[in-house]
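Here are a few short exercises to help you find your way around a protein model. Try each task before you read its solution.

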Amino acid sequence: MDERTKMFELDGKVALVTGAGQNVGAGIARVLAAQGATVVVNDFHADRAERTAKEIVAAGGAARPLSFDVSDFDAVTAAVADIAAHEGRVDILVNNAGPDGPMTMAPFSEMSADSWGKPFAVNVYGMLNCCKAVIGGMIDRGHGRIVTITSGAGQQGLDIGVSTYAAAKAGQIGFMRHLAAENGPHGITCNTVSLGLVLSDAEASAVQRLVDSIPVRRMGKPEDPGYLIAYLVSDEASWITGQTVAVNGGGLMI
Ligand SMILES: NC(=O)c1ccc[n+]([C@@H]2O[C@H](COP(=O)([O-])OP(=O)(O)OC[C@H]3O[C@@H](n4cnc5c(N)ncnc54)[C@H](O)[C@@H]3O)[C@@H](O)[C@H]2O)c1
């Protein structure tokens, strides 16, 4: 039998994963490192970034923690310059950084105008800042992969008090389509991964009703989005761009 062709390898690629200090971002960082990428582990909280990077290195992968706030354009620009100096370039950007702490949930009618900015600062401005910082280099090299993590809440109406978060997550989808259209000719793909609930086993057991509403009857694990992203950022996925792909156990089918 012929030797099998290996696919979706990320050897030699440099990936920046934002908000990778815990949960979804940490799962994505672990999977990309397992596929051979050198992962720059970002988180606003330095201790979290260090923990994820240490775990990856202990498992035999290559990772470096780099703490900065994605909503601060100057900090993002400085971080990408630091990566250029140490790792050489950013081949893969995963915009994952999410809420810093529990989300405030309230009906829109009860919200005050000063609360609207927070989800946009990290989800929309954070994404724009990181994309802006890496896109020029990707264009120069004729290659790049950008993935942004959105939510099913940005694709459907829900009566659970997350309307402004949903507006920011929907904004991510719109922007990524345009980024894909503008940069396809430069060898850069831009996709959005839409998540259902990713919870720890302990959290999931407390919400059995939610688990029962998901066709595959389990909550997402931090690695589930990573497995799709490892494909989307591979050389083999060069014909997939401007798409929103759901990782949600079938919880939302559109
Ligand atoms: N967990 C879910 O069920 C779920 C569902 C749908 C979408 N998502 C999306 O997945 C992503 C990750 O979610 P999570 O549940 O792992 O969140 P989380 O809060 O557990 O982790 C997010 C990490 O991002 C970091 N972060 C926050 N603001 C930052 C900033 N300005 N700069 C750098 N780092 C920052 C935090 O310190 C934290 O470590 C988010 O974009 C979120 O909207 C999550």
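**Exercise 1. Find the neighbours of β1.**
Work out which strands pair with β1, and how many bridges join β1 to β4.

*Solution.* Keep in mind that this is a predicted model.
- Step 1: start with β4. Three bridges join β1 to β4, and the two strands run parallel. For a concrete pair, look at L16, which stands opposite L93 in β4.
- Step 2: now turn to β2 (residues 38–42). This strand pairs with β1 in the parallel sense too, over four bridges.
- Step 3: pick out some partners on that side. V14 has T38 in β2 as its bridge partner, and V17 has V41 in β2.
- Step 4: trace how the chain gets from β1 to β2. The path goes through helix α1 (residues 23–34), and this β-α-β crossover is right-handed.

**Exercise 2. Look at the side chains of β1.**
Decide which residues of strand β1 (residues 14–17) point one way and which the other way, and whether they are buried or exposed.

*Solution.*
- Step 1: sort by direction. V14 and L16 point one way, while A15 and V17 point the other way.
- Step 2: check the cover. All of these residues are buried, and the cut-off for that is under 20% relative accessible area.

**Exercise 3. Lay out the whole sheet.**
Put the strands of the open sheet in order and say which of them stand at the edges.

*Solution.*
- Step 1: read across the sheet. Its seven strands come in the order β3-β2-β1-β4-β5-β6-β7, with parallel pairing.
- Step 2: go to the edges, where you'll find β3 (62–66) and β7 (244–247). Each has a single partner strand, so one side of each is left without a neighbour in the sheet.
- Step 3: add the twist. On average, neighbouring strands of this sheet are turned by 20° against each other, direction ignored.

**Exercise 4. Follow some salt bridges.**
How many salt bridges does the structure hold, and which parts does the pair D235 and K13 tie together?

*Solution.*
- Step 1: the count is seven salt bridges.
- Step 2: take D235 and K13, whose closest N and O atoms are 3.5 Å apart. D235 lies in the loop between α8 (223–232) and β7, and K13 in the segment before β1, so the pair ties together parts that are 222 residues apart in sequence.
- Step 3: compare their cover. D235 is partly exposed at 42% relative accessible area, whereas K13 is buried at 14%.
- Step 4: try D82 and R64, which meet at 2.7 Å, N to O. Here helix α3 (residues 73–86) supplies D82 and strand β3 supplies R64, so the pair links parts 18 residues apart in sequence. D82 is partly exposed, with 24% relative accessible area.
- Step 5: another pair is D91 and R89, at 3.0 Å from N to O. D91 is buried, with a relative accessible area of 6%, while R89 is partly exposed at 26%.
- Step 6: finish with a network. R30, E55 and E223 are joined into one by salt bridges that share partners.

**Exercise 5. Spot a nonpolar patch.**
Find which residues make the nonpolar surface patch of about 360 Å², then place M103 in the chain.

*Solution.*
- Step 1: the patch is made by M103, M105, L158 and I160.
- Step 2: M103 sits in the loop between β4 (92–95) and α4 (117–141).
- Step 3: M103 has 33% relative accessibility, so this residue counts as partly exposed.

Methods
Residues numbered from 1 in each chain as written. Predicted model: local features only at pLDDT ≥ 70, side-chain atom pairs only at ≥ 80, totals over all residues. Heavy atoms only, no water. Patch = residues over 30% accessible without salt bridge, like charges linked within 9 Å, V, L, I, M, F, W, Y side chains within 5 Å. Areas by Shrake-Rupley, 256 points an atom, 1.4 Å probe, with all protein chains shown as cover. Salt bridge = Lys/Arg side-chain N within 4 Å of Asp/Glu carboxyl O. Buried < 20%, exposed > 50% of the residue type's maximum accessible area, 1.4 Å probe, protein only. Pairing = 2+ DSSP bridges. Right-handed = clockwise from strand over helix to strand, strands pointing away. Axes fitted to C-alpha atoms, helices over the stretch in contact; angles between N-to-C directions.
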